[in-house]
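I opened this entry to record the pockets of the model and one residue of a helix. My notes follow the structure.

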Amino acid sequence: MPATVPPGLRLELSRSRVVEGKEDELAEWMSMLTERYDECLETLPAERAVFEATFKHREADGSLWIYHLALMGEDGSGLDESHPVDAAHAAYSRRVKEPGWEEIEPMFMLTPAHLRDVMQRWGASGLAD
């Protein structure tokens, strides 16, 4: 991690190609997560996820990619498919995107000190205080 990422946290930017013909299902996937936003929030403490964001991008060759940006504690658990929303999330992932992720190397992160402190506590414990 770059020196600007607080100790105990991991900053990730990953991308994966969307399977050709699955653009509508990608939209369904993101709608499902949006509709179940509160359930998604409930999974964050175990994952030690400070934030997550997903983007889509069409390359010049016409291929569609999703990018996932996340800041999380080093000891986060990742998806737990025993939670219904995580199981649905993982199922969409297996259908919509090509397996695996390409990892993009982080180089710099800028965060105000008062937010950095809160992010470090959350990343370590999954607790707000």
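**Tyr-37 and the pockets**

I looked up Tyr-37 and found this residue in helix α2; helices (H or I, at least four residues) and strands (E, at least two) are DSSP runs, numbered from the N terminus. The model is predicted, so local features need pLDDT of at least 70 and side-chain atom pairs count only at pLDDT 80 or more, while totals for chains, interfaces and linings use all residues. Residues are numbered from 1 along each chain as its sequence is written, and side-chain values use heavy atoms, with hydrogens and water left out.

I noted that Tyr-37 is exposed, at a relative accessible area of 51% (exposed is over 50%, with a 1.4 Å probe and protein chains only). From Tyr-37 to Val-85 I read 9.3 Å, C-alpha to C-alpha, across 48 residues of sequence.

I then turned to the largest pocket (an open set of points on a 1 Å grid over the protein atoms alone, where a 1.4 Å probe fits, with protein on both sides within 12 Å along at least five of seven lines; lining residues have an atom within 4 Å of a point). Its volume, the space filled by probe spheres set on the points, is about 1,000 Å³. I listed 38 lining residues, with Glu-52, Thr-54, His-68, Leu-79 and His-89 nearest the centre. Elements that each supply at least two of the lining residues include α2 (37-47) and β3 (64-73). By class, I recorded 18 nonpolar, 11 polar and nine charged residues in this lining.

For the second largest pocket I recorded about 150 Å³. Its lining includes Arg-17, Arg-58 and Glu-98.

Terms used
Nonpolar A, V, L, I, M, F, W, Y, C, P; charged D, E, K, R; others polar. Buried < 20%, exposed > 50% of the residue type's maximum accessible area, 1.4 Å probe, protein only.
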